Protein chains: 2
Amino acid sequence: MSDALDTVFAALADPTRRAILAMLLEDDMAVTDVADPFDMSLAAISKHLAILSRAGLISQEKRGRVKWCKLEPDALREASVWMQGFGQFEPVHLDAFERFLAQELSVPDTPDTGTESGTGTDTDPAGSA
Amino acid sequence: MSDALDTVFAALADPTRRAILAMLLEDDMAVTDVADPFDMSLAAISKHLAILSRAGLISQEKRGRVKWCKLEPDALREASVWMQGFGQFEPVHLDAFERFLAQELSVPDTPDTGTESGTGTDTDPAGSA
DNA sequence: GGCTTATTCAACCAAACGGTTGACGATGAC
DNA sequence: GTCATCGTCAACCGTTTGGTTGAATAAGCC
């Protein structure tokens, strides 16, 4: 998994892990307490937490015998920024010919939402290929 | 995969699929043209497109012999909304004791509507599990 | 009809995932 | 020291994933 987005999205793709993140949204928690509401072994939760930690979504700090888990929303924000590159533009409902026509007829600036429509190209959100 | 977020995040967890989405951001494309820049068989790209389609991130319309792929940003927006539930709050830098103090000092019932304090609990973003 | 192109299907493969169980090192309590 | 608790590690298991190849379906071209 070369890209950081790989690990973040992969971590988010599991409902157990999303539920864990939701729990940590309220409070920092010990591993055992995280595992408590789940019908699953402690080892499984420990693995889920390791995946979340590797993705940077949480951090874990061992204080005494207890390991505390804390939400780290920065990694999530990074992924959110990537996604908003797709969300913040006028959806393309045109096929190739209609797009060609629109380009020919309309003014290039057309500020429908203030931003240029459909030019997310320069940001290249995917990065790797 | 019960939750829709599962399929969306799982689809986004692959760099090839993210690159495909970035390509479709510029233009609707045929399957063969999507596959062209990748060092991968056409069947593999077809599978990736099926995954993206199943997640609702793209739609595919067969016109004649060619199947056109179109970006569908709505599914992405849904996931983005979920993520922003974690991003849009003051990050929790407090340990248990500090949190205890904050809870003791602040009003217990603070309805936290629209403001900080990170209670995404009412929305229950994780859904299952 | 027959060739070519576009796309998927089916079978297969290695690797990763998500879970279990049991053993184990650390740490705190008595 | 002894015991219980916290959490991870290691081995295992079944399923899923991401890729391959080759055959098959579908549509346009000549």
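This passage looks at how two protein chains meet two DNA strands in a predicted model, and then at how helices pack within each chain.

A word on confidence comes first. Chain A has a mean pLDDT of 73, and 65% of its residues reach 70 or more. Confidence is not even along the chain: over residues 89-129 of chain A the pLDDT is below 50, although this stretch has 39 contacts in the model beyond near neighbours in sequence.

We can now turn to the DNA, starting with strand D. A total of 22 residues surround DNA strand D, and the closest are A:Thr32, A:Ser46, B:Ser41, B:Lys47 and B:His48. Of the atoms of DNA strand D that come within 4 Å of the protein, 64% belong to sugar and phosphate. Several individual contacts help to fill in the picture. On the phosphate side, a polar side-chain atom of A:Ser46 lies 2.2 Å from a phosphate oxygen of DNA strand D. Bases are reached as well: a polar side-chain atom of B:Lys47 lies 2.3 Å from a base oxygen of this strand, and one of A:Arg65 lies 3.1 Å from a base oxygen.

Which elements supply this surface? At least two residues each come from α3 (31-35), α4 (42-54) and β3 (66-71) of chain A and from α4 (42-54) of chain B. The helix that gives the most is α4(B), with five residues. Sorted by class, the surface near DNA strand D holds ten nonpolar, five polar and seven charged residues.

DNA strand C comes next. Around DNA strand C there are 22 residues, of which A:Ser41, A:Lys47, A:His48, B:Thr32 and B:Ser46 come nearest. Sugar and phosphate make up 64% of the atoms of DNA strand C that come within 4 Å of the protein. Both chains provide contacts to phosphate here. In chain A, a polar side-chain atom of A:Arg17 lies 3.2 Å from a phosphate oxygen of DNA strand C; in chain B, a backbone N or O atom of B:Lys67 lies 2.8 Å from a phosphate oxygen of that strand. A:Arg65, already met at DNA strand D, also has a polar side-chain atom 3.4 Å from a base oxygen of DNA strand C.

For DNA strand C, the elements giving two or more residues to the surface are α4 of chain A together with α3 (31-35), α4 and β3 (66-71) of chain B. The largest share, five residues, comes from α4(A). This surface is made up of ten nonpolar, five polar and seven charged residues.

The α4 helices also pack against other helices in their own chains. In chain A, helix α2 (residues 15-26) and α4(A) have axes 10 Å apart and pack at an angle of about 75 degrees, so α2(A) and α4(A) are roughly perpendicular to each other. From α2(A), the contact involves A:Thr16, A:Arg17, A:Ile20 and A:Leu21, and from α4(A) it involves A:Ile45, A:His48, A:Leu49, A:Ile51 and A:Leu52. By class, these are six nonpolar, two polar and one charged residues.

In chain B, helix α2 (residues 15-26) packs with α4(B) at an angle of about 75 degrees, and their axes are 10 Å apart. This angle makes α2(B) roughly perpendicular to α4(B). Among the residues making the contact are B:Ile20 and B:Leu21 of α2(B) and B:Leu49 and B:Leu52 of α4(B). The contact of α2(B) with α4(B) has six nonpolar, two polar and one charged residues.

Technical notes:
Residues numbered from 1 in each chain as written. Chains lettered and ligands numbered in written order. Predicted model: local features only at pLDDT ≥ 70, side-chain atom pairs only at ≥ 80, totals over all residues. Heavy atoms only, no water. Near = heavy atom within 4 Å. Polar contact = N/O pair within 3.5 Å; in protein donor to acceptor, adjacent residues only side chain to side chain. Helix = DSSP H or I, 4+ residues; strand = E, 2+ residues; numbered from the N terminus. Nonpolar A, V, L, I, M, F, W, Y, C, P; charged D, E, K, R; others polar. pLDDT = per-residue confidence, 0-100. Contact = heavy atoms within 4.5 Å. Axes fitted to C-alpha atoms, helices over the stretch in contact; angles between N-to-C directions. Parallel < 35°, antiparallel > 145°, perpendicular 65-115°, else oblique.
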